[in-house]
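Biologist: Before we discuss this chain, please set out the terms on which each description rests. I shall ask for the reasoning behind each one.

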Amino acid sequence: MSTWLYAKPRKRASIKRIGVFTSGGDAPGMNACIRAVVRTAIYHGVEVIGIMRGYQGMIEGDFVHMDRMAVSNIIQTGGTILKTSRCKEFYYKAGRMKAIEKLRQAGIEGLVAIGGGGTFRGAHKLYVESGIPVIGVPATIDNDLYGTDYTIGFDTAINTALDAIDRIRDTAIAHGRIFWVEVMGRFRGFIATDVGVAGGAEAILIPEERTDIDKLARELLNWHNMGKTSCIMVVAEGDEAGGAFQLARLIGEKTGLDSRVTVLGHIQRGGKPTARDRVLASKLGVAAVEALLAGEADKMVGEVNGKITLTPLEEAYSKRKPLDKSLLVLAQVLAT
């Protein structure tokens, strides 16, 4: 019985040692993915080297040997046991050349890069300049990578934010106030959209849509005059109007209504991954190793409509993943 998730290879690549690393922002489920990568590689007789602190550790040669016990009892933990960082030195070819030399000295013949768009940009350049096969695994709470329905960490992040909004609503009702809740999402509104609908928000404000301040002020006054004393407004941190504090100030000046701002921030990145994130991370970790062994390179493993897919890394970070804007209409209808 084949264990290959997406396709049985015609010829297995002669890879004996691979490296795995996490880079960029941490996301719940990264450890579950590391576990899957390590144990799948061992299953196929391949040695695994953990690269600490992402590209920074790669440049410095901060490598550790990983066996089955190294990933024992981590599937339920947040963060990443391999640590992570943002490495400015890797932006430049000289820095990447240092990393490539360290990889070659360590005998690493393939890489699994777990992270988001910035991680994949670096991985693509590394492959082009070194020829070392790299497979990316999408792990970012923003869910903004093309080629996968969901990224590792997104489900946990929206459930964490939703729990916070449910608690905030109790206070909003008790005090009769508007609460502006800012969630993560510098460039895309996936978190805000899902959390806003699930949390019964009266408005969802995201980078993809222009915020009409005057219209929003009129709606809030109208609700207030109808006897609605509290509202939850979900704002993506990258909203074009300037974020929750700016919106609260502008709307307050136009309406005179009492409001408060809560910025959820990095609380959305931490904590135990949900079952959905653990399953996704396990699937994609296995698929990443099997893609390397099948001779694939410079691609991201993802899941679309329940099936494992491969997308060129360059497309994964450069193509714009569509956001379901019908959810914004749904939220507006349900807020009336």
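Modeller: Two strands are said to pair if DSSP finds at least two bridges between them. Please bear in mind throughout that this is a predicted model.

Biologist: What makes strand 5 and strand 10 (residues 299-304) a pair?

Modeller: Two bridges link strand 5 to strand 10, in the parallel sense. Pairing requires at least two bridges, so the criterion is met. Within this pair, Ile 135 stands opposite Lys 299 of strand 10.

Biologist: How do you know that strand 4 (residues 110-115) also pairs with strand 5?

Modeller: Five bridges join strand 4 to strand 5, and the two run parallel. Here Leu 111 stands opposite Val 134 of strand 5. Between these strands the chain passes through helix 4 (residues 117-130), a right-handed β-α-β crossover.

Biologist: Why is that crossover called right-handed?

Modeller: The term applies because, with the strands pointing away from the viewer, the path from the first strand over the helix to the second runs clockwise. The path from strand 4 through helix 4 to strand 5 is assigned that hand.

Biologist: Why is strand 5 (residues 134-138) described as largely enclosed by the rest of the structure?

Modeller: Buried means under 20% relative accessible area. Five of the five residues of strand 5 are buried, so the strand is largely enclosed. Both of its faces are covered: Val 134, Gly 136 and Pro 138 are buried on one side, and Ile 135 and Val 137 on the other.

Biologist: What makes a set of 62 residues a nonpolar core?

Modeller: Such a set consists of buried residues of the listed nonpolar types, joined through side-chain atoms within 4.5 Å. The largest core has 62 residues, and Ile 18, Val 112, Ile 114, Val 137 and Ile 232 touch the most other members. Helix 9 (residues 275-293) supplies the largest share of this core, nine residues. A second, separate core of 25 residues includes Ile 51, Ile 100, Ile 132 and Met 300.

Biologist: Which residues does Ile 232 contact, beyond its neighbours within four places in sequence?

Modeller: Among them are Ile 165, Ile 168, Phe 179, Val 181 and Ala 201, together with Arg 169 and Glu 202.

Biologist: How do you know that the chain is as compact as a globular protein of its length?

Modeller: The secondary structure of the chain comes to 11 helices and 11 strands. Its radius of gyration is 22 Å, close to the 20 Å that the globule rule gives for 336 residues, so the description holds. Buried residues make up 53% of the chain.

Definitions and conventions:
Residues are numbered from 1 along each chain as its sequence is written. This is a predicted model: local features need pLDDT of at least 70, side-chain atom pairs count only at pLDDT 80 or more; totals for chains, interfaces and linings use all residues. Side-chain values use heavy atoms; hydrogens and water are left out. Buried means under 20% relative accessible area, exposed over 50%, partly exposed in between (1.4 Å probe, protein chains only). Helices (H or I, at least four residues) and strands (E, at least two) are DSSP runs, numbered from the N terminus. Contact means heavy atoms within 4.5 Å. The radius of gyration is taken over C-alpha atoms; the globule rule is 2.2 Å times the number of residues to the power 0.38.
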